Amino acid sequence: MQRKILVVEDDRLIAMELEERLAELGHAVLGPAHTIAEAEALLAGARPDCALLDANVGGQSSVALGVKLAELGVPVAFCTGYDEIKNSPPALANAPVLTKPISDAELQAGLRQLLG
């Protein structure tokens with residue numbers, strides 16, 4: 001079954017590469033969104049099965065978007081150059097952190113954790 005994955009990434013090359021990798025794994029990509037506003041607009045029309053969020057999107061934290069997704073029951077993982085998400089609220093306590101550059105094994109493990 002093809003799963004719909006929201007990708008929020010401000011670096012267009014990284015977003016394109018992640019979109020290709022997810023498609024190769026048999027998933028559909030919602031987006032990619034390059035800003036928080038784009039991601040919110042996409043969410044107004046569709047509900048993803050999970051989301052991969054760049055922690056810092058154009059200088060803006062994606063934590064609030066992650067909380068919104070968690071409240072909707074959408075599992076979230078953060079894709080970042082950092083090894084943790086600062087000031088992560090309890091709603092995101094179990095959100096995986098995938099450290100860039102994300103290996104194929106790490107991506108697949110993160111998706112298994114998110115999608116079951």
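**K100, strand 3 and two cysteines**

At 24% relative accessibility, K100 counts as partly exposed. The model described here is a predicted one. K100 is a useful place to start, and the route leads from there to its partners, then to strand 3, and then to the cysteines.

Side chains of opposite charge can pair when their charged atoms come close. The structure holds four salt bridges, and one of them joins the side chains of E9 and K100, with N and O 2.8 Å apart. E9 sits in the loop that runs between strand 1 (4-8) and helix 1 (12-24), while K100 sits in the loop between strand 7 (97-99) and helix 4 (104-115); the two residues are 91 apart in sequence, so their contact ties together distant parts of the chain. E9 has a relative accessible area of 2% and is buried, because the cut-off for that term is under 20%.

K100 has a salt bridge with D54 as well, where the closest N and O atoms are 3.3 Å apart. D54 belongs to strand 3 (residues 50-54) and K100 to the loop between strand 7 and helix 4, so this pair ties together parts that are 46 residues apart in sequence. D54 is buried, with a relative accessible area of 5%. Through shared partners, salt bridges join E9, D54 and K100 into one network.

Another of the salt bridges is formed by the side chains of D104 and R21, at 2.8 Å from N to O. Here D104 is in helix 4 and R21 is in helix 1, so that the pair links distant parts of the chain, 83 residues apart. R21 counts as buried, at 12% relative accessibility.

D54 leads on to strand 3. How many of the five residues of strand 3 are buried? Five of the five are, so the strand is largely enclosed by the rest of the structure. In a regular strand the side chains alternate between the two faces of the sheet. In strand 3, C50, L52 and D54 point one way and A51 and L53 the other way, and all of these residues are buried.

Which strands pair with strand 3? Strand 1 pairs with strand 3 in the parallel sense, over four bridges, and V8 has L53 of strand 3 as its bridge partner. Strand 6 (residues 76-80) also pairs with strand 3 in the parallel sense, over four bridges. There, D54 has C79 of strand 6 as its bridge partner. D54 therefore has a place in the salt-bridge network through its side chain and a bridge partner in strand 6.

The cysteines remain. A search of the whole structure finds zero disulfides. C50 is in none, and the nearest cysteine sulfur, that of C79, is 9.8 Å away. Why is there no bond from C79? The closest cysteine sulfur to that of C79 is in C50, and at 9.8 Å this is too far for a bond, because a disulfide needs the two sulfur atoms within 2.5 Å. Are these cysteines buried or exposed? C50 counts as buried at 0% relative accessibility, and C79 is buried with a relative accessible area of 3%.

Key. Residues are numbered from 1 along each chain as its sequence is written. This is a predicted model: local features need pLDDT of at least 70, side-chain atom pairs count only at pLDDT 80 or more; totals for chains, interfaces and linings use all residues. Side-chain values use heavy atoms; hydrogens and water are left out. Buried means under 20% relative accessible area, exposed over 50%, partly exposed in between (1.4 Å probe, protein chains only). Two strands pair if DSSP finds at least two bridges between them.
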